[in-house]
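Colleague: I have a few questions about this model before I go back to the bench. Can we take them one at a time?

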Amino acid sequence: MLPAPRFTAFNPPRRILMGPGPSDVYPEVLAAQSRPTIGHLDPLFVGMMDELKSLIQYAFQTKNEMTMAVSAPGSAGMETCFVNLVEPGEKVIVCRNGVFGERMRQNVERVGAIAVLVDNEWGAPVDPAAVEAALKANPDAKFLAFVHAETSTGALSDAKTLCALAKTYGCLSIVDAVTSLGGVELRVDEWGIDAIYSGSQKCLSCVPGLSPVSFSPAAVEKLKNRKSPVQSWFLDQSLVMAYWTSAGGKRSYHHTAPVNALYALHESLRILAAEGLENAWQRHHEMHLVLRAGLEKLGLNFVVAEDYRLPQLNTVYIPAGVDDAAVRTRLLKDYNLEIGAGLGALAGKAWRIGLMGFGARRENVSLCLKALEEVLN
């Protein structure tokens, strides 16, 4: 028999998380997660799930019945949308202006479908004119997929216009809202979004590991009329929905839900609802303006033009001659402050500074600016 390993309890330091995620978690959310675990079919837990579903609908601004939290992070939310809706051989217009648009392409091809790419420069939003040209050139396309808030660059695309184009050309829309939910305007029903996914760890300031998703009635109809089974048993929404919807007060068992993590998501969304969505959007914008002014005083230049800039994810070029890793290491060591490195084409060229959820507050902005000034000098 192997000897029993002996370790002390893990006690992490208190970090200030101002990277691309996870974000600072609300103290109330951490407290909620530590509450007693009960069974995932317990009547009290089922009642909490009903409230959680309503809170997710509020955050997404939708009345969609098929709205829930996938028991896995945002990447699983992405896969949930693609494996449930897209079938082999179908054509999907995929907009790619960063890392996460590329991940959409990979999901499309893994289900045996055909990805038609609309590429935009890193740091630029998705170009509606290029999307319309692709839709015209591919009248047999079934879907339009794009990232609302591209986490790798900090660029915000016009979801309302893009979804209207999808409707005009008879396509269903699949939208990545991992970084946008709770941080910028997002209106699922009003904009006609068909399938959308997000993550718990960004502007919701919840613990990582859950993915809110919502499917429109048209998307549900597509799922019901599939010619082939959903490839993933775990992510098959036709099975999972029976667990999230009461049938005479009874739930069908699908999997053991992450009970305590769902407590946490309930609390974070309760806090969002108490603040009010529009107030949360405004707070993120105001804190961005304060951060922007300070970064510009330090001589740091933004990757994304102001008109398309995410307030909750600020991507700036690293000054010439500055050691990327050395700066981030010192910020972490001396200030307990985490900012993000660049991804993909921006690796080693940019920093990503997050202002998400609970982290979008003045004391965080002040600390970040002071620390950067001292380290860069």
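**Helix 10 and beyond**

Modeller: Start with the residue after helix 10: this is Gly276, and its phi is positive, near 95°. Keep in mind that the model is predicted.

Colleague: How far apart are the end C-alpha atoms of helix 10, and what span should its residues give?

Modeller: Helix 10 covers residues 259–275, which is 17 residues. At 1.5 Å a residue, they should span 24 Å. The distance in the model agrees, as the end C-alpha atoms are 25 Å apart.

Colleague: Is helix 10 largely enclosed or largely open?

Modeller: Count its buried residues. They number 13 of the 17, so the rest of the structure leaves helix 10 largely enclosed.

Colleague: What radius of gyration does the protein chain have, set against a compact globule?

Modeller: The chain has 377 residues, and a compact globule of that length would come out near 21 Å. The C-alpha trace spans about 60 × 55 × 50 Å along its principal axes. The rule and the model agree, and the chain's radius of gyration is 21 Å.

Colleague: What share of the residues is buried?

Modeller: The chain is built with 13 helices and 14 strands. Among contacts with a separation of 6 or more, 73% join residues 24 or more positions apart. Of the 377 residues, the buried share is 57%.

Colleague: Which lysine carries the UniProt modified-residue feature, and is that residue buried or exposed?

Modeller: The feature is "modified residue: N6-(pyridoxal phosphate)lysine", from an unreviewed UniProt entry, and it is placed at Lys202. Lys202 lies in the loop between strand 9 (195–197) and strand 10 (211–215). Its relative accessible area is 7%, under the 20% cut-off. Therefore Lys202 is buried.

Colleague: What does Lys202 touch beyond its sequence neighbours?

Modeller: Leave out residues up to four places away in sequence. The contacts of Lys202 then include Pro20, Gly21, Ser23 and Thr151. The rest of the list is Val178, Thr179, Met356 and Gly357.

Colleague: Where does the "binding site" annotation fall, and is that residue buried or exposed?

Modeller: The annotation comes from an unreviewed UniProt entry and covers Arg352. Arg352 is in strand 14. With a relative accessible area of 7%, Arg352 is buried.

Colleague: What kind of aromatic pair do Tyr26 and Phe358 form?

Modeller: The structure holds 2 aromatic pairs. In this one, the ring centres of Tyr26 and Phe358 are 5.0 Å apart. Their planes meet at 40°, so the pair is tilted.

Colleague: How many residues apart are Tyr26 and Phe358?

Modeller: Tyr26 is in the loop between strand 1 (16–17) and helix 1 (27–33). Phe358 is in the loop between strand 14 (350–354) and helix 13 (362–376). Both residues are buried. The pair links distant parts of the chain, 332 residues apart.

Colleague: Which charged end sits over the ring of Phe358?

Modeller: A similar arrangement occurs elsewhere: the charged end of Arg309 sits over the ring of Phe302, 3.9 Å from its centre. Over the ring of Phe358, at 4.0 Å from its centre, sits the charged end of Arg361.

Colleague: Which residues does Leu165 contact outside its own stretch of sequence?

Modeller: Leu165 is in helix 6 (residues 159–168). At 11% relative accessibility, Leu165 counts as buried. Leaving aside neighbours within four places in sequence, its contacts are Pro128, Val131, Glu132 and Leu135.

Methods: Residues numbered from 1 in each chain as written. Predicted model: local features only at pLDDT ≥ 70, side-chain atom pairs only at ≥ 80, totals over all residues. Heavy atoms only, no water. Phe/Tyr/Trp six-rings, centres within 6.5 Å; stacked < 30°, edge-to-face > 60°. Helix = DSSP H or I, 4+ residues; strand = E, 2+ residues; numbered from the N terminus. Buried < 20%, exposed > 50% of the residue type's maximum accessible area, 1.4 Å probe, protein only. Lys NZ or Arg CZ within 6 Å of the ring centre and 35° of its normal. UniProt positions renumbered as here; feature names shortened; annotations may be inferred. Expected span 1.5 Å × (residues − 1). Rg over C-alpha atoms; globule rule 2.2 N^0.38 Å. Contact = heavy atoms within 4.5 Å.
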